[in-house]
Amino acid sequence: TTKDGPPHVAMLATPGMGHLIPLAELAKRLAARHGATATLLTFASTASATQRAFLATLPPSVSHETLPPADLSDLPHDALVETRMSVEGTRSLPALATILAELKRTTRLVAFVTDLFGIDAFDAARDAGVGRRCLFFPGSLHALMLPPPPPPPPELVVSIPGEFRDLTEPVRLPGCVPIPGPDVLSPLQDRSSPAFGVMVHLAERFLDAHDILVNSFDAVEPEVATVIRQPKPGRPPVYPVGPLILKADSTSDASDTAPQPPRPASLEWLDRQPPKSVIFISFGSGGALPAEQMRGLTLGLEISEQRFLWVVRSPSDEGSLSSNYYDSETKKDPFAYLPEGFVERTKDMGLVVPSWAPQIEVLSHEATGGFLTHCGWNSTLESLVHGVPMVEWPLYAEQRLNAVMLSEGVGAAIRLPEMKEKETIAAAVRELMAGEAKGAAVRAKVAELKMAAAEGLREGGAATAALDGVVENWAGEN
Ligand code: UDP
């Protein structure tokens, strides 16, 4: 019977490629190392072309199902992404419970894994009789500490009276780099906002997880990794299983016999550039710059005289962030927002592509020598795995926190100042690519982290051992 079949894991990915990609990678690793199969569950609101193309590349061990659409028409237009995800999650619970009950009946369902924003789905998993309910935290250990894992109410939120952004002293958490108030997660910056309540609620529910899997690794945040490995009464065990990122070849191996799609223009262009000469510029699945900063970046790039590959989107003041986040194919022509003549003037030095680039292939290309990034955690891990040093331009969510810990903590990046002047942009880009001082130190550190990341994922490595530990916890379930 199916009950004798391979262990099966149900995984819920809330909106955003930054949730879906690492969960899919976790599923693949569970299949390859532990003979498990998995069902990835996604929301109807994110059925974009990008997501569909990605899902089509999954191996047969990883199936996929979309939850029926939830009605979100009563949400205000400017509701934050965090709020949208949480509400959509709650309203999808009945459908999810039905699917899980069916999987429980037809497979050897050993565990339910969800990313942070799906944590209320633990109730549906419990009702469906799934024994092991796990949180997959797709960010850093630093972000997991902030707000710190409860007992509720989250200590930090209670201990600080006003808004984080008004703090004069940085927030100090065990093992963490000191975090200036304004760099604390953006949804925690306004206590009266619904997003703040959502984040506190999610943090309180961490307790209900049997295991917390985190997509990070020791070398990138060593001190907090040591702290978090110590068992703490009342807190679920934390397993750093990362870095789990998309593999460079996995987008083209769905079928060896199918005709191969043409090589993307961005990669063809990179093929013609000297080794480590190009800085890649991208702001994640949803990020876009305000028009003013977009202009500053074009000028800074011209002055820097470095080669660049830029994924450009129409400016953030031209549309809501959440619509970009849900579907990165921008509706407006982003080139229309570049200064007159920019593409022509820089055609020997740079390439500008609209909306989306094959980021993994770009970062693993030998011509890529730097990454100007919004510091999304997946982008950060992908950069480190491929040994690409970063210039940081954080935008929202936990990106400023990631920026602090990388630049001030482990020293793997150069952060741009708050005021994004063309000269400071040019100087940071030049220093990263060719500088003898900070640039050289950052490049050396990233080379070191690349080795450490690979080491952890090998047989006997820390990430491999962590995942083995999780699977051992699942062993008694069926
Ligand atoms: N990504 C990509 N091409 C793009 C932009 C993003 O392939 O043009 C991928 C990127 O490689 C990463 C994910 O989308 O895996 C973005 O996740 P991240 O956590 O960096 O940022 P978020 O989208 O959550 O802001």
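**Asking why: helices, sheet and ligand**

Colleague: Why are α17 and α18 called oblique to each other?

Modeller: This is a predicted model. In it, the axes of α17 (residues 422-434) and α18 (residues 438-457) cross at roughly 55°. Roughly parallel needs an angle under 35 degrees, roughly antiparallel one over 145, and roughly perpendicular 65 to 115. The crossing angle of roughly 55° fits none of these classes, so α17 and α18 are oblique.

Colleague: How do you know that the axes of helix α17 and helix α18 come within 7 Å?

Modeller: The axes are lines fitted to C-alpha atoms over the stretch in contact. Between these two lines, the approach comes within 7 Å. The crossing of α17 past α18 is right-handed. On the α17 side, Glu431, Leu432, Met433 and Ala434 make the contact; on the α18 side, Lys438, Gly439 and Val442 do.

Colleague: What makes up the contact of α17 with α18, by nonpolar, polar and charged residues?

Modeller: Four residues are nonpolar, one is polar and two are charged. Gly counts as polar, while Glu and Lys count as charged. So Gly439 is the polar one, and Glu431 and Lys438 are the charged pair.

Colleague: What makes β10 and β13 edge strands?

Modeller: Six strands form an open sheet, in the order β10-β9-β8-β11-β12-β13. Strands β10 (350-354) and β13 (413-415) each pair on one side only. Neighbouring strands here are turned by 20° against each other on average, direction ignored.

Colleague: How do you know that strand β11 and strand β12 pair?

Modeller: Pairing needs at least two bridges. Strands β11 (residues 368-373) and β12 (residues 390-392) have three bridges, in the parallel sense. So they count as a pair. Thr373 has Glu392 of β12 as its bridge partner. Helix α16 (residues 399-410) packs on this sheet and touches β12 and β13.

Colleague: Which residues are closest to the ligand?

Modeller: They are Gly18, Gly284, Ser285, Gly376 and Ser379, out of 19 residues that surround the ligand. Elements giving two or more residues to this shell are α1 (17-34), α14 (359-363) and α15 (377-385). Helix α15 gives the most, with four residues. By class, the shell has seven nonpolar, 11 polar and one charged residues.

Colleague: What makes the peptide bond of Gly242 and Pro243 cis?

Modeller: Its omega is about 0°. Pro243 lies in the loop between β7 (238-240) and α10 (265-271).

Colleague: What is the phi of Lys276?

Modeller: It is near 50°, a positive value in a residue other than glycine. Lys276 sits in the loop between α10 and β8 (278-282).

Terms used
Residues numbered from 1 in each chain as written. Predicted model: local features only at pLDDT ≥ 70, side-chain atom pairs only at ≥ 80, totals over all residues. Axes fitted to C-alpha atoms, helices over the stretch in contact; angles between N-to-C directions. Left-handed = near helix turned anticlockwise from the far one by under 90°. Contact = placed C-beta atoms within 7 Å. Near = placed C-beta within 6 Å.
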